[in-house]
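Subject: A structure for you to look at

Hi there,

Here is the structure I promised to pass on. Have a look at it first, and then read my notes underneath.

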Amino acid sequence: MIDLATADRIIDGTLAEGRRLGFGPLTAAVLDPGGHLVALKRSDGSEYLRPSIAIGKAWGALGMGHAGRVLAERAAKMPVFFGAMSDMSGGKMVPLPGGVIIRDDEGRIQGAIGVSGDTGDNDELAAVAGIEAAGLRADYGQVPEWRRP
């Protein structure tokens with residue numbers, strides 16, 4: 001389970017990667033496996049809806065057990081289902097790239113990060129960098145190393 005110090009390291013690495021690559025002002029939120037907010041930070045100049053979007057990306061990934069990229073692909077194919085999921089979640093779920101599940105070396109879910117502020121692809125890229133900088137595994141829809149034979 002993600003503690004505050006680890007969440008801070010993940011977010012700091014995420015925001016640093018965004019600055020390094022010249023992304024728009026990012027907001028990053030880390031949730032524990034139960035969907036509770038552990039930490040949230042906004043870059044200077046980040047718009048006021050970004051915290052809600054970041055939390056929604058992480059919340060959706062945890063709630064569905066798949067990264068935002070996977071959810072976005074599925075939502076395009078099953079809009080009625082994802083509309084219903086949005087209703088059932090009280091509008092909390094944001095099925096877009098930038099929601100990344102955080103796993104330990106054995107593949108156990110430790111939490112999730114949601115990032116908002118640039119394109120979904122760039123949000124995701126920054127999130128993965130932050131997770132890896134903290135020594136954890138990013139599950140963003142690829143076949144992760146811990147699942148490979």
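Below is what turned up on the sheet, the helix across it and the salt bridges.

Please keep in mind that this is a predicted model. Let's start with the sheet: it is open, with five strands in the order β2-β1-β4-β3-β5 and antiparallel pairing. At its edges are β2 (37–42) and β5 (137–139), each of which pairs on one side only. From one strand to the next, the twist averages 25°. Strand β1 (residues 27–31) is joined to β2 by five bridges, and A28 has K41 in β2 as its bridge partner. Helix α1 (residues 4–20) lies across β1, β2, β3 (99–103) and β4 (109–116), running at about 30° to β2.

Now for the charged side chains. The whole structure holds eleven salt bridges. One of them pairs K57 with D123, with the closest N and O atoms 2.9 Å apart. This pair links helix α2 (residues 50–64) to helix α5 (residues 120–133), across 66 residues of the chain, and both K57 and D123 are buried.

Helix α5 also carries E124, which is 55 residues from its partner R69 in helix α3 (residues 68–77); their side chains meet at 3.1 Å, N to O. E124 is buried, with a relative accessible area of 7%, while R69 is partly exposed at 25%.

At edge strand β5, R137 reaches D105 in the loop between β3 and β4, with 3.2 Å from N to O. D105 counts as exposed because its relative accessibility is 52%, over the 50% cut-off. Finally, D8, D12 and K41 are joined into one network by salt bridges that share partners.

Enjoy exploring!

Technical notes. Residues are numbered from 1 along each chain as its sequence is written. This is a predicted model: local features need pLDDT of at least 70, side-chain atom pairs count only at pLDDT 80 or more; totals for chains, interfaces and linings use all residues. Side-chain values use heavy atoms; hydrogens and water are left out. Two strands pair if DSSP finds at least two bridges between them. Helices (H or I, at least four residues) and strands (E, at least two) are DSSP runs, numbered from the N terminus. Axes are lines fitted to C-alpha atoms, for helices over the stretch in contact, and angles run from 0 to 180 degrees between N-to-C directions. Contact means heavy atoms within 4.5 Å. A salt bridge is a side-chain nitrogen of Lys or Arg within 4 Å of a carboxyl oxygen of Asp or Glu. Buried means under 20% relative accessible area, exposed over 50%, partly exposed in between (1.4 Å probe, protein chains only).
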